[in-house]
Amino acid sequence: MDVTESNFQTAVIDRSHQVPVVVDFWAEWCGPCRQLGPVIERAVAARAGKVELAKIDVDANPTISRTFGIQSIPAVKAFKDGKVASEFVGAQPPAAVERFLDALVPSEADELVATGDEQSLRRALELEPARADAAVPLAKLLYGLGQPDEALELLSKVPGSFAADGLAARIELQRAAGSDDVPDLRDAFAALDDGDSARALDLLLEALPNSDGYRDDLRRVIVGILDELGVEDPLARDARRRLASALY
């Protein structure tokens, strides 16, 4: 689709909130542009509507070209949610264009994880067995259904995931509940299940000094919660500081 300055907002910026839009900045006199154009067109067509292509003649649309700092062509920018998500300059071989588009379009596993039901999560793990964002929610579902052994087996197959390790530690702590040296964490886990991460972290951090032999398990639970909250979350930043103080 040829796009101009008059419809750029609608055809690219607005549309990119529904589907990724790849913009090919080109000109008639540009030899490399004529090489790259058909490659992108075939690759986009093969994705059957999962990504769209917009072509902008830089000579006919100088304002847009200046706005996006186009200094050399061909230049390709991919827009998602109204912003440039990725880009490249110069003619690229078909394999490189395929990789560029693949990074924009959700995989089958991505779509299954987004669906989030048990069957979809199981299928996602068949496709990509080490996906923490499939294993953790599925393990939570299974644990809620009274299947802790299967939940722990799933989590053990996701190395390097703090969220998976934290959930495994929680299951182990709840299994050990009632032992003399295990702190009573029922209120903390109830708050966590209710989505009250702030109260859950408060209670878990308060329990740390008296956790004795289960101190590391408790730390793993807290770190898992922080991982799911994300690095930039204000609650996570504060809790991370408090955790460091409690441990060291």
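This report walks through some features of a predicted model, from its sheet to its helices and a few single residues.

## The sheet

A good place to begin is the open sheet, which has four strands in the order β2-β1-β3-β4 and mixed pairing. At its edges stand β2 (52-57) and β4 (83-89), and each has a single partner strand, so one side of each is left without a neighbour in the sheet. On average, neighbouring strands here are turned by 20 degrees against each other, direction ignored.

Further in, you will find strand β1 (residues 21-26) paired with strand β3 (residues 75-80) in the antiparallel sense, over five bridges. To see this pairing at the level of residues, look at V21, whose bridge partner in β3 is F79. We will come back to F79 with the aromatic rings.

## Helices on the sheet

Helix α2 (residues 31-45) packs on this sheet and touches β1, β2, β3 and β4. The direction of α2 makes about 160 degrees with that of β2.

Another helix to look for is α4 (residues 94-102), which lies across β1, β3 and β4. With β4 as the reference, α4 runs at about 170 degrees.

## The disulfide

How many disulfides does the structure hold? There is one, and it joins C30 and C33, with their sulfur atoms 2.4 Å apart. That distance fits the rule for a disulfide, since the cut-off is within 2.5 Å. The link of C30 and C33 is right-handed, with 80 degrees about the S-S bond.

Are the two cysteines buried or exposed? C30 has a relative accessible area of 3%, so this residue is buried. C33 is buried as well, with a relative accessible area of 4%.

## Aromatic rings

A pair of aromatic rings is described by the distance of the centres and the angle of the planes. The count in this model comes to five aromatic pairs. One of them is the tilted pair of F8 and F68, at 5.5 Å centre to centre and with 50 degrees between the planes. This pair links distant parts of the chain: F8 is in helix α1 (residues 8-14), while F68 is in the loop between α3 (62-67) and β3, 60 residues apart. F8 counts as buried, at 7% relative accessibility, whereas F68 is partly exposed, with a relative accessible area of 22%.

F68 also forms an aromatic pair with F79, and this one is edge-to-face: 5.4 Å centre to centre, with 85 degrees between the planes. Here again distant parts of the chain are linked, with F68 in the loop between α3 and β3 and F79 in strand β3, eleven residues apart. F79 is buried, with a relative accessible area of 1%. Together with F25, the residues F8, F68 and F79 form one aromatic cluster.

## Helix α12 and its neighbours

Farther along the chain comes helix α12, made of the 15 residues 215-229. At 1.5 Å a residue, this helix should span 21 Å, and its end C-alpha atoms are 21 Å apart, so the two values agree. After α12 comes G230, whose phi is positive, near 100 degrees.

Which residues of α12 are buried? They are D217, L218, R220, V221, I222, V223, G224, I225 and L226. The helices against which these buried residues pack are α9 (162-175), α10 (186-193), α11 (197-207) and α13 (234-247).

One residue to look at in this neighbourhood is R170, found in helix α9. With a relative accessible area of 9%, R170 is buried. Leaving aside residues up to four places away in sequence, R170 touches F189, L192, D193 and V221. Of these contacts, V221 is one of the buried residues of α12.

## An exposed aspartate

The last stop is D149, in helix α8 (residues 148-156). Is D149 buried or exposed? Its relative accessible area is 52%, so D149 is exposed; the cut-off for this is over 50%.

How far apart are D149 and A139 in space? Their C-alpha atoms are 9.6 Å apart, and the two residues are ten residues apart in sequence.

Note on methods. Residues are numbered from 1 along each chain as its sequence is written. This is a predicted model: local features need pLDDT of at least 70, side-chain atom pairs count only at pLDDT 80 or more; totals for chains, interfaces and linings use all residues. Side-chain values use heavy atoms; hydrogens and water are left out. Buried means under 20% relative accessible area, exposed over 50%, partly exposed in between (1.4 Å probe, protein chains only). Two strands pair if DSSP finds at least two bridges between them. Helices (H or I, at least four residues) and strands (E, at least two) are DSSP runs, numbered from the N terminus. Axes are lines fitted to C-alpha atoms, for helices over the stretch in contact, and angles run from 0 to 180 degrees between N-to-C directions. Contact means heavy atoms within 4.5 Å. The expected span of a helix is 1.5 Å times one less than its number of residues. Rings of Phe, Tyr and Trp (its six-membered ring) pair if their centres lie within 6.5 Å; planes under 30 degrees apart count as stacked, over 60 as edge-to-face and the rest as tilted.
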